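Me: I've got a structure open and keep tripping over the labels people put on its parts. Can we go through what earns each one its name?

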Amino acid sequence: MRADPAVQRRLLDLAEVDAELNRIDHRRRTLPELVEIVERENVERTKRDKVIAIETTLRDLNRDAIRQETEIEAVRAREERDRTLLKGNVSARQLVDLEHELGTLSRRQTALEDDLLELMERREAVEQDVAHAKSEHEAAEAALADVRKRRDEVFGDLEVSEIRRTKDRAQLVPVFPADLLALYDRIRKQKGIGAALLRARKCGACRLELDRNAIAHIRDTAPEEVVRCDECGAILVRTPESGL
């Protein structure tokens, strides 16, 4: 393949633009914030689940407390009814039965009230746990929002750079003959770098020094001939820096 030496040198500009685009893509995929977001999402999810679990416990305690209060009210109502009966005309047998039942109801009410007190104390402790868990969850949400914001800011900067470099590439592409550009793009897709400067007898793509036979061959090759590195296949662009 043949191409004007000046056009071949422009491949270095194209390679620089493509290298920058590769760096932008690599930065976008390997951004530290992406890993941090996953970690923060896991923390936020754990804190949220903790809030849900404690709130469930609190709802259970509230339900138990309501049931206990209802039972206490029923005992009180039964006690009130028995006391009303005592004021009426009752037989000795009924009197004994009512007094026995009142004693039983009194003990039952005391036990229920003690259980209710314990429930209330447990509920108060769980309410504090809920408040603490919600505070931790809010902190986790804030941390997650912060890292997402930082990610979006970096993505925004990368997008601006990508748009600019893509425009630069679009302006460079018409400079090259179709066959030369096709060769460059094929090598770039396969090897990562399509063209590089031959400097001081070293390939700028693979960084390896060419042997004397390769250098002799390149030295004897016409400037218009497109030459490639035997090691990595990149197009070698010759300039006075090449050491030929």
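Here is a short back-and-forth on a pocket and a sheet.

Reply: Sure, and keep in mind that this is a predicted model.

Me: What makes Ala196 a lining residue of the largest pocket?

Reply: A lining residue needs an atom within 4 Å of a pocket point. Ala196 is one of the 22 residues that line the largest pocket, and along with Leu197, Gly204, Ala205 and Arg207 it is among the closest to the centre. The pocket's volume is about 380 Å³.

Me: Which element gives the largest share of that lining?

Reply: Helix H1 (5–29), with 7 residues. Helix H4 (178–191), strand E1 (195–199) and strand E2 (202–203) also give two or more residues each.

Me: How many of the lining residues are nonpolar, polar and charged?

Reply: The lining has 11 nonpolar, 4 polar and 7 charged residues. Gly counts as polar here, so Gly204, one of the residues closest to the centre, goes in the polar group.

Me: How do you know that E1 and E2 pair?

Reply: Pairing takes at least two bridges. E1 and E2 are joined by 2 bridges, so they pair, and they run antiparallel. Arg199, for instance, has Lys202 in E2 as its bridge partner.

Me: And why is E2 called an edge strand?

Reply: E2 pairs on one side only, as does strand E3 (227–228). The open sheet of 4 strands has the order E2-E1-E4-E3, with mixed pairing.

Me: Where does H1 lie relative to the sheet strands?

Reply: H1 lies across E1 and strand E4 (235–238), running at about 120° to E4.

Definitions and conventions
Residues numbered from 1 in each chain as written. Predicted model: local features only at pLDDT ≥ 70, side-chain atom pairs only at ≥ 80, totals over all residues. Heavy atoms only, no water. 1 Å grid on protein atoms, 1.4 Å probe; cavity = no way out; pocket = protein on both sides within 12 Å on 5 of 7 lines; lining within 4 Å. Points joined across faces, edges and corners; volume = space filled by probe spheres on them. Contact = heavy atoms within 4.5 Å. Axes fitted to C-alpha atoms, helices over the stretch in contact; angles between N-to-C directions.
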